[in-house]
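Reader: I'd like to walk through this one with you, starting with what "buried" is supposed to mean. Can you set that up first?

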Amino acid sequence: MTKILLYGVVPENNLGGPSLMHGAREIIKEVNQNYEIVFYQSSKPVDTFINDMEFPVYQIPYERSFELLKDAFKYKVGIRPNREDRYKFLEDIKSSDIVANLYGICFCSNLGKIEKTKFEYIKAIMSSIGQFSISFVAKTFGVKSVKCTASYGPIVSKKDIVSARFSSRHIFDVIVAREVESKNQIEKACKRNITVSPDLANLMPYSNAKTNCKTIGISVSHQIIRQWKSDENYIDCMVKLIEHIQTSTYYKVILIPNEFTIGPYHDIYVAEEIMSLLKNKNNVEILDVANISSSELKNHIAACDVMIASRYHSCVAALSAGVPTLIIGWHHKYDELLKWYGQSQWILSSENCTSNELIAMFDKFWSKKDENRNIIKKHYIDVRKALIDAGKDMFSV
């Protein structure tokens with residue numbers, strides 16, 4: 001029996017977390033004849049979002065990483081925590097063969113403020129131990145510690161360089177990148193060879209059931225608004241695209257939020273803002289993602305005829321289900337995801353996207369949707385093989 005403890009994401013409020021959990025489970029099944037999975041998350045599990053997981057999901061019984069580290073070092077010398085849930089958690093880590101972090105993007109200087117302080121080196125190390133405290137504890141217990149497929153970089157700040165180097169040397173036995181550029185970024189920072197593999201979520205299962213309704217899915221994004229550099233704003237581009245779709249096709253448009261209830265402004269608000277600006281709201285709806293499981297959400301995406309997407313795991317969900325996908329992206333992870341599926345031409349950058357360019361690309365994309373669907377399905381064979389090969393490195397002992 002190979003026991004694997006997974007952590008690093010939550011299955012609520014964001015398609016990314018549960019899609020990684022489902023994908024990890026599928027790979028673990030492939031590379032282990034006999035396995036046990038246990039998953040720990042920072043928040044209290046919600047039944048709607050975990051009832052399709054097929055493995056137990058628990059809340060991490062520590063709010064602060066310092067408390068976990070203190071109890072772990074005491075436990076290592078034979079002092080058991082007073083609380084039963086904390087004892088069970090530490091015992092689950094210690095009795096595991098592998099502890100794997102699933103978080104999807106790390107050491108990215110674009111996501112935070114670049115600070116220059118006197119204690120930057122120490123802060124970077126403490127930040128790494130705090131962020132990956134469960135993996136750090138696993139390492140001290142002699143358990144194989146894995147950083148599953150993720151995007152890394154751009155690694156330009158000293159904090160991220162130090163954090164990546166320390167994590168590579170002292171926390172993770174295995175690190176896997178999901179893009180060549182991520183591999184290059186972390187190898188430069190860490191001076192260590194890194195494996196490249198597609199994202200785990202590419203193996204998340206879905207239903208092939210198609211509806212009679214012809215639909216175009218649009219995965220909206222609050223994250224891309226934060227990264228947007230073009231003179232014409234993201235919301236206006238999406239409104240004009242939908243109005244073009246309404247006049248040029250008879251297809252229904254479904255706005256698909258990927259992330260919600262995180263922060264003051266999330267993807268549902270973006271969808272509602274787009275909807276409010278449409279002159280004609282007929283044949284347009286917002287998918288009620290807050291009340292469905294991740295499996296149901298992927299099935300909705302898989303049923304679309306095409307996707308226009310600005311959220312990474314919505315792109316993964318669509319492409320892995322054979323759905324032609326046009327991306328408006330802000331990070332190298334989007335370009336390389338399309339490359340895995342032979343679709344490199346179907347992307348516009350947040351640096352300079354305009355509604356005219358988006359509509360013109362959509363028309364070309366629309367005319368080639370059947371051809372591209374076949375190309376995507378052929379490339380999925382290679383995507384799956386690459387994932388299974390990387391899975392042997394991540395999830396075998």
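Author: Sure: a residue counts as buried when its relative accessible area is under 20%. Bear in mind that what we're looking at is a predicted model.

Reader: With that cut-off, is Ser293 buried or exposed?

Author: Ser293 sits in the loop between strand 11 (284–286) and helix 12 (294–302). Leaving out residues up to four places away in sequence, Ser293 touches Thr48, Asn51 and Asp52. Its relative accessibility is 7%, so Ser293 counts as buried.

Reader: Okay, on to the nonpolar side. Which residues have the most contacts inside the largest nonpolar core?

Author: In soluble globular proteins, nonpolar side chains tend to be buried together. Here the largest nonpolar core has 97 residues, and helix 10 (residues 234–248) gives the most to it, with eight. Apart from neighbours within four places in sequence, Leu6 is in contact with residues including Ala24, Ile28, Tyr40 and Phe395. The residues with the most contacts inside the core are Leu6 and Phe395.

Reader: And how many residues are in the second, separate core?

Author: That core includes Ile125, Phe136, Tyr152 and Phe172. Its count is 40 residues.

Reader: Last one: how are helix 3 and helix 4 oriented to each other?

Author: The axes of helix 3 (residues 65–76) and helix 4 (residues 84–95) come within 11 Å and cross at roughly 70 degrees. The crossing is right-handed, and the contact involves, among others, Leu68 and Tyr75 of helix 3 and Phe89 and Leu90 of helix 4. Angles of 65 to 115 degrees count as roughly perpendicular, so helix 3 and helix 4 are roughly perpendicular.

Notes. Residues numbered from 1 in each chain as written. Predicted model: local features only at pLDDT ≥ 70, side-chain atom pairs only at ≥ 80, totals over all residues. Heavy atoms only, no water. Axes fitted to C-alpha atoms, helices over the stretch in contact; angles between N-to-C directions. Helix = DSSP H or I, 4+ residues; strand = E, 2+ residues; numbered from the N terminus. Parallel < 35°, antiparallel > 145°, perpendicular 65-115°, else oblique. Left-handed = near helix turned anticlockwise from the far one by under 90°. Contact = heavy atoms within 4.5 Å. Core = buried A, V, L, I, M, F, W, Y, C linked by side-chain atoms within 4.5 Å. Buried < 20%, exposed > 50% of the residue type's maximum accessible area, 1.4 Å probe, protein only.
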